[in-house]
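The following exercises are to be worked with the sequence and the three-dimensional model at hand. Each task is followed by a solution in steps.

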Amino acid sequence: MTSGSTPSAERSAAGPAAARSVTVRVPAKVNVQLAVGPPRPDGFHDLANVFLAVGLYDEVTATEADDLRVTVSGRDAAAVPTDTTNLAARAAQLLAARHGRRPNVHLHIAKDIPVAGGMAGGSADGAGALLACDELWGTGSGTEELLGVCAELGSDVPFSLVGGAALGRGRGERLTALSAKGPLHWVFAVADGGLSTPAVYREFDRLAADRSVPEPDPSPAVLDALGSGDPATLAAALAAIAGGNDLQPAALSLRPPLADTLGAGTAAGALAALVSGSGPTCAFLAADEAAAAEIAAALESSGTCRQARVAQAPAPGAEVVR
Ligand code: C5P
């Protein structure tokens with residue numbers, strides 16, 4: 001498998017007989033609340049995961065090809081695997097196997113979601129590839145079938161497909177849609193280098209070793225605040241549960257300088273500051289669009305992150321764009 005070439009370049013080189021292709025756009029997510037229970041016998045953790053899709057997107061293009069290959073473009077392309085550990089490739093393999101066909105497809109990922117950043121970028125590519133292949137191959141899977149394949153791919157993949165806002169139970173794959181009013185204005189501080197999700201969960205277990213971890217539950221105040229669309233109300237509900245992300249102490253333990261990033265965003269006027277999922281991306285809730293721009297500018301000049309991105313929520317789930 002190769003990295004870097006674009007399907008559009010190949011199409012024009014191939015002339016009028018160019019292969020058919022389908023492009024799907026998929027959003028990133030932030031976990032507004034992430035309540036984590038004790039480890040299960042299978043090693044996963046039961047969650048109460050309040051997912052919110054945000055308007056940073058990857059695009060996955062599936063093009064007819066003679067074999068399965070993955071290419072990636074974008075600033076962090078070099079950090080994305082192009083073998084079958086890439087969830088996009090696995091999505092094509094799983095869908096093809098279910099329909100008794102070969103997974104012959106070129107998947108090109110135009111990457112804009114931070115890599116290994118706690119924003120479900122890999123999951124987004126899995127969901128996007130699945131929808132793109134289903135459309136390209138005419139396999140006509142219903143939503144239930146697609147969600148089942150997503151759950152096989154990973155805990156966060158079903159949410160990447162549906163977007164909006166949802167409560168994820170089980171390991172995060174059992175979804176109930178939530179009402180979320182927008183736009184909510186968020187700023188994301190992208191760190192240098194990623195954090196491994198399994199490593200963060202292991203650190204959570206290590207930090208929790210001498211206490212009993214309760215079963216995870218969503219905060220009713222957080223769910224109400226999401227429905228209200230009022231950022232100050234949401235920030236107050238998050239403050240009442242000490243920020244809401246049970247993985248945050250583990251991410252901070254593995255990456256102590258993230259505390260400075262959180263502090264810089266708070267000093268710049270963020271209503272709430274939290275590590276996104278397993279990190280290391282930090283998420284800041286802003287009062288409005290102007291405040292978001294100010295927080296992003298302050299974060300960029302603080303030297304505590306590589307880049308700051310603004311995005312609105314809720315964002316739609318995976319959708320075919322061309
Ligand atoms: O489901 P996914 O493959 O994305 O999970 C990656 C890793 O994160 C798992 O192997 C596990 O270590 C950890 N995890 C967990 N509990 C969850 C979700 C993920 O322990 N609910």
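**Exercise 1. The surroundings of Ser160**

Task: Determine which residues Ser160 touches, not counting residues up to four places away in sequence, and state whether Ser160 is buried or exposed.

Solution. Step 1: With contact taken as heavy atoms within 4.5 Å, Ser160 touches Val26, Pro27, Ala120, Ser123, Ala124, Ala127, Gly317 and Ala318, residues up to four places away in sequence not being counted. The model is a predicted one, in which local features need pLDDT of at least 70 and side-chain atom pairs count only at pLDDT 80 or more, whereas totals for chains, interfaces and linings use all residues. Residues are numbered from 1 along each chain as its sequence is written, and side-chain values use heavy atoms, with hydrogens and water left out.

Step 2: Ser160 belongs to helix 5 (residues 157-162); helices (H or I, at least four residues) and strands (E, at least two) are DSSP runs numbered from the N terminus. Between the C-alpha atoms of Ser160 and Ser123 the distance is 6.5 Å, although these positions lie 37 residues apart along the chain count.

Step 3: The relative accessible area of Ser160 is 4%, so this residue is buried (buried: under 20% relative accessible area; exposed: over 50%; partly exposed: in between; 1.4 Å probe, protein chains only).

**Exercise 2. The two domains**

Task: Describe the contact between domain 1 and domain 2, and locate a salt bridge formed by Asp76.

Solution. Step 1: An automatic or database domain assignment gives domain 1 (21-178 + 316-320) and domain 2 (184-312). Their centres, taken over C-alpha atoms, are 22 Å apart. Domain 1 contributes 34 residues to the contact and domain 2 contributes 41 residues.

Step 2: The area buried between the domains is about 2,800 Å², with 61% from carbon and sulfur atoms. Buried area is the accessible area (1.4 Å probe) that two parts lose on being put together, summed over both.

Step 3: Three salt bridges are counted between domain 1 and domain 2, a salt bridge being a side-chain nitrogen of Lys or Arg within 4 Å of a carboxyl oxygen of Asp or Glu. Arg306 and Asp76 form a salt bridge whose closest N and O atoms are 3.2 Å apart. Asp76 is found in the loop between strand 3 (69-73) and helix 2 (87-98), and its relative accessible area of 19% means that Asp76 is buried. Beyond its neighbours within four places in sequence, Asp76 is in contact with Val115 and Arg306.

**Exercise 3. Salt bridges on strand 2**

Task: For Glu64, Asp58 and Glu59, identify the salt-bridge partner of each.

Solution. Step 1: The structure holds 14 salt bridges. Glu64 pairs with Arg20, the closest N and O atoms being 3.4 Å apart. Because Glu64 lies in strand 2 and Arg20 in the loop between helix 1 (7-14) and strand 1, the pair ties together parts 44 residues apart in sequence. Glu64 is partly exposed at 38% relative accessible area, as is Arg20 at 46%.

Step 2: Asp58 pairs with Lys111 at 2.1 Å between the closest N and O atoms. Lys111 is in the loop between strand 4 (105-110) and helix 3 (121-137), 53 residues from Asp58 in strand 2. Both residues are buried.

Step 3: Glu59 meets Arg322 in a salt bridge (2.9 Å, N to O). Arg322 lies in the segment after strand 11 (319-320), and Glu59 in strand 2, 263 residues apart. Arg322 is exposed at 57%, whereas Glu59 is partly exposed at 23%.
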